[in-house]
Amino acid sequence: MSSEPAATGHHAIILVVERDPHIRALEAFFLNEAGFGVEFAFDGVAALQLARAIKPDIIITEVLVPKLDGLALCRAVRKEAELKDTVVLVFSILAAATRAREAGADAFLMKPLAEQRLVQTVRELLAQRRTTRPAPGPP
Amino acid sequence: MSEATAAIERIFRRIGTGNEQADLVLGGGLPANSINIVMGQPGTGKTIFAEQLLFHNASADRPSVYVSTLSEPMSKMVSYVQRFSYFQADKLGTEIQYEDIGPMMSSDGLAALVPWLSQLIKNTSPKIIIIDSFRALHDLASSVPETRRMVADLAGLLSAYDTTALLLGEYTNEDVQRYPEFAVSDSIIQLARQPLGTRDERYLRVLKLRGSSYREGQHAFRITGDGIALYPRLISPRMATSYTPRSDRVSLGVPGLDDMLDGGVWAGTTTLLVGPTGSGKTTVAMHFALEGVARKEPTLYVNFQENPAQLARSFTNLGADLTAAQRAGLEFMYASPVELQIDSIVVGIFERIKGGTIRRVVIDAVGDLITAASDVKRMHDYLYSLVQHFAVSGVTSLLTFESGISSTGNLGSHEQRFSYMSDNVLAISLGGEERTRRTLRVVKTRNSAHDPVVRQLDIGAAGARVS
């Protein structure tokens with residue numbers, strides 16, 4: 001399995017915010033298969049804390065997650081200077097494309113999980129990120 | 001298309017069943033990413049319904065999987081499917097996969113199902129998953145809570161992933177309340193078989209379809225070499241109240257009869273012709289049909305009593321050049337009263353008039369349809385609906401109905417039930433000592449004057465004539 005590079009040269013890390021165990025398991029499987037590293041949070045507050053710690057390349061979040069919903073999480077991420085390069089993909093059972101965009105999300109996908117669509121979207125978002133947010137030079 | 005619209009459209013996406021008529025009943029097919037139950041006793045056609053859908057949805061990028069559990073051996077299933085025209089051998093093993101989990105389920109129990117399916121999804125990305133029989137899995141459950149946990153877990157998995165599932169089972173009506181899979185299902189389709197005289201009639205009925213309209217009621221079907229041939233229950237056309245009726249008159253083709261009807265019947269109307277056996281109803285109906293083709297109005301003649309050879313002889317005896325009449329647009333539809341399947345006949349008539357070329361229809365006789373019907377009320381609804389379709393399509397129709405022997409020309413109770421759906425009612429009576437004197441009376445015409453006098457109807461070598 002080949003690893004998918006992120007903008008900074010390391011392997012792209014995806015933080016998945018999801019409480020449904022089946023979706024978590026399938027997302028982990030298909031994203032790992034595609035070469036991404038995957039971390040999980042089960043609610044919005046834990047996700048924000050984890051994001052500060054691991055600085056993921058992409059956050060994939062459901063809208064309906066406990067404590068801090070996915071849209072509020074998205075707005076919070078946008079306010080964090082340290083997470084300004086983090087891409088947010090809202091992946092939800094709700095038809096919330098407009099609200100996701102207004103909250104600052106980079107993309108929206110509707111459930112159910114279709115792996116080709118998910119992986120393709122993630123790859124496109126990473127490619128855009130490389131174009132619009134050039135990787136910093138070597139330390 | 002906006003992202004939001006695309007997302008909504010994805011939610012309401014449909015999966016075709018491979019059967020155009022079933023898709024019509026289901027309002028476009030089964031909802032995509034749904035859990036569907038196909039229930040029915042053994043031999044009702046569940047497997048055929050599912051396999052038709054399976055082959056229809058076969059695709060190279062995402063396979064469809066038929067999972068056999070504890071009922072029929074997989075080898076038997078694969079062996080039988082080859083008899084049907086929808087079977088495509090080249091798709092087996094790639095686009096369509098058959099899996100037998102019976103031995104695994106027997107040894108590992110109910111809890112083994114969801115992990116196995118999860119692995120199947122990871123390995124093959126299935127577009128369709130069919131589990132046959134799902135009901136049989138209940139035999140493995142040690143407790144009701146165990147079953148409920150498994151069904152909830154299964155619903156979670158199947159809802160999470162972009163796949164459409166069919167759970168097949170020999171469920172009874174009582175099982176719908178009893179088993180938890182019915183609560184989590186998005187649709188329930190029931191297939192049933194019920195005896196009617198010396199034969200059986202099969203029905204499909206949609207009991208549940210979440211978030212979508214569908215055609216309610218019983219829809220008759222047959223199992224053919226092409227799979228399930230479904231005849232959706234006919235419903236009155238929605239535009240029946242807003243169509244523009246034709247304003248021309250149509251000749252019935254019997255000399256003297258049009259004069260009793262103020263110059264003929266209005267085009268697009270239905271005329272009920274009532275009379276006892278031997279009174280000449282079929283002769284009048286043949287005149288009506290031949291007049292149609294003579295006026296370049298293609299005519300469909302639906303007949304249940306005389307086989308095609310007998311009917312051809314009757315037309316010839318009337319002096320008609322049958323070959324020329326058929327070239328000019330006379331079509332026949334015949335069904336033996338013994339094997340009469342009313343749904344297929346009525347839907348068949350509807351399909352023929354939907355083509356738009358038929359301008360006249362004869363049904364000789366509606367009584368045969370009623371005799372063959374398992375449900376007379378349903379037959380009345382069908383005929384009413386058909387008559388509405390005739391009116392909307394501008395098709396002029398003549399329905400014959402065999403009444404009891406009466407010399408008065410008054411309508412009996414049976415005939416009265418049909419008169420409400422007819423624009424015109426004509427009654428033939430037999431009188432005289434030998435019952436050879438025929439008279440004809442116009443009982444009713446809508447929006448038209450008519451001759452109230454009882455006239456003599458003569459039938460001779462040249463056909464019928466009113467004097």
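The dialogue below takes up the packing and pairing of elements in a predicted model and the terms used for them.

Biologist: How do you know how far the model can be read?

Modeller: This is a predicted model, in which local features need pLDDT of at least 70 and side-chain atom pairs count only at pLDDT 80 or more, while totals for chains, interfaces and linings use all residues. Residues are numbered from 1 along each chain as its sequence is written, and chains are lettered from A and ligands numbered from 1 in the order in which they are written. On the scale of pLDDT, the predictor's confidence in each residue from 0 to 100, chain B averages 86, with 89% of the residues scoring at least 70. The model scores ipTM 0.84 and pTM 0.75.

Biologist: Which elements of chain B have the lowest and the highest mean pLDDT?

Modeller: Helix H1 (residues 3-11) of chain B has the lowest, at 63, and strand E3 (residues 35-39) of chain B the highest, at 97; helices (H or I, at least four residues) and strands (E, at least two) are DSSP runs, numbered from the N terminus. Where pLDDT is low, the predicted coordinates should not be read in detail.

Biologist: What makes up the side of chain B that touches chain A?

Modeller: Taking two residues to be in contact if their C-beta atoms, placed from the backbone, lie within 7 Å, 17 residues of chain B are in contact with 15 residues of chain A. The elements of chain B that give two or more residues to this side are H1, helix H6 (113-124) and H7, and H1(B) gives the most, with six residues. By class, this side of chain B has eight nonpolar, five polar and four charged residues, where Ala, Val, Leu, Ile, Met, Phe, Trp, Tyr, Cys and Pro count as nonpolar, Asp, Glu, Lys and Arg as charged, and the others, Gly among them, as polar.

Biologist: Why is H1(A) called oblique to H7(B)?

Modeller: Helix H1 (residues 21-33) of chain A and helix H7 (residues 144-160) of chain B pack at an angle of about 45 degrees, with their axes 8 Å apart; axes are lines fitted to C-alpha atoms, for helices over the stretch in contact, and angles run from 0 to 180 degrees between N-to-C directions. Angles under 35 degrees count as roughly parallel, over 145 as roughly antiparallel, 65 to 115 as roughly perpendicular and the rest as oblique, and therefore H1(A) is oblique to H7(B). The contact is made by His22(A), Ile23(A) and Leu26(A) of H1(A) with Gly156(B), Leu157(B) and Ala160(B) of H7(B), and these residues divide into four nonpolar, two polar and no charged.

Biologist: What makes H6(B) roughly parallel to H7(B)?

Modeller: The axes of H6(B) and H7(B) come within 9 Å and cross at roughly 10 degrees, so H6(B) is roughly parallel to H7(B). Leu113(B), Val114(B), Leu117(B) and Ser118(B) of H6(B) make the contact with Met150(B), Asp153(B), Leu154(B) and Leu157(B) of H7(B); by class, they are six nonpolar, one polar and one charged.

Biologist: Why is H14(B) also described as roughly parallel to H16(B)?

Modeller: Helix H14 (residues 342-354) and helix H16 (residues 376-393) of chain B pack at an angle of about 5 degrees, with their axes 11 Å apart, and therefore H14(B) counts as roughly parallel to H16(B). The contact of H14(B) with H16(B) has nine nonpolar, two polar and no charged residues.

Biologist: How do you know which strands stand at the edges of the open sheet of chain B?

Modeller: Two strands pair if DSSP finds at least two bridges between them, and nine strands of chain B form the open sheet in the order E16-E15-E17-E18-E14-E19-E20-E21-E22, with mixed pairing. Strand E16 (330-334) and strand E22 (463-466) of chain B each have a single partner strand, so one side of each is left without a neighbour in the sheet. The twist averages 20 degrees from one strand to the next.

Biologist: What makes E15(B) and E17(B) a pair?

Modeller: Five bridges join strand E15 (residues 299-303) to strand E17 (residues 360-364) of chain B, and these strands run parallel; Val302(B) has Ile363(B) as its bridge partner in E17(B).

Biologist: What joins E10(B) to E11(B)?

Modeller: A hairpin joins E10(B) to E11(B) through two residues, and E10(B) pairs with strand E11 (residues 227-231) of chain B in the antiparallel sense over five bridges. Within this pair, Ile223(B) stands opposite Ile228(B) in E11(B).
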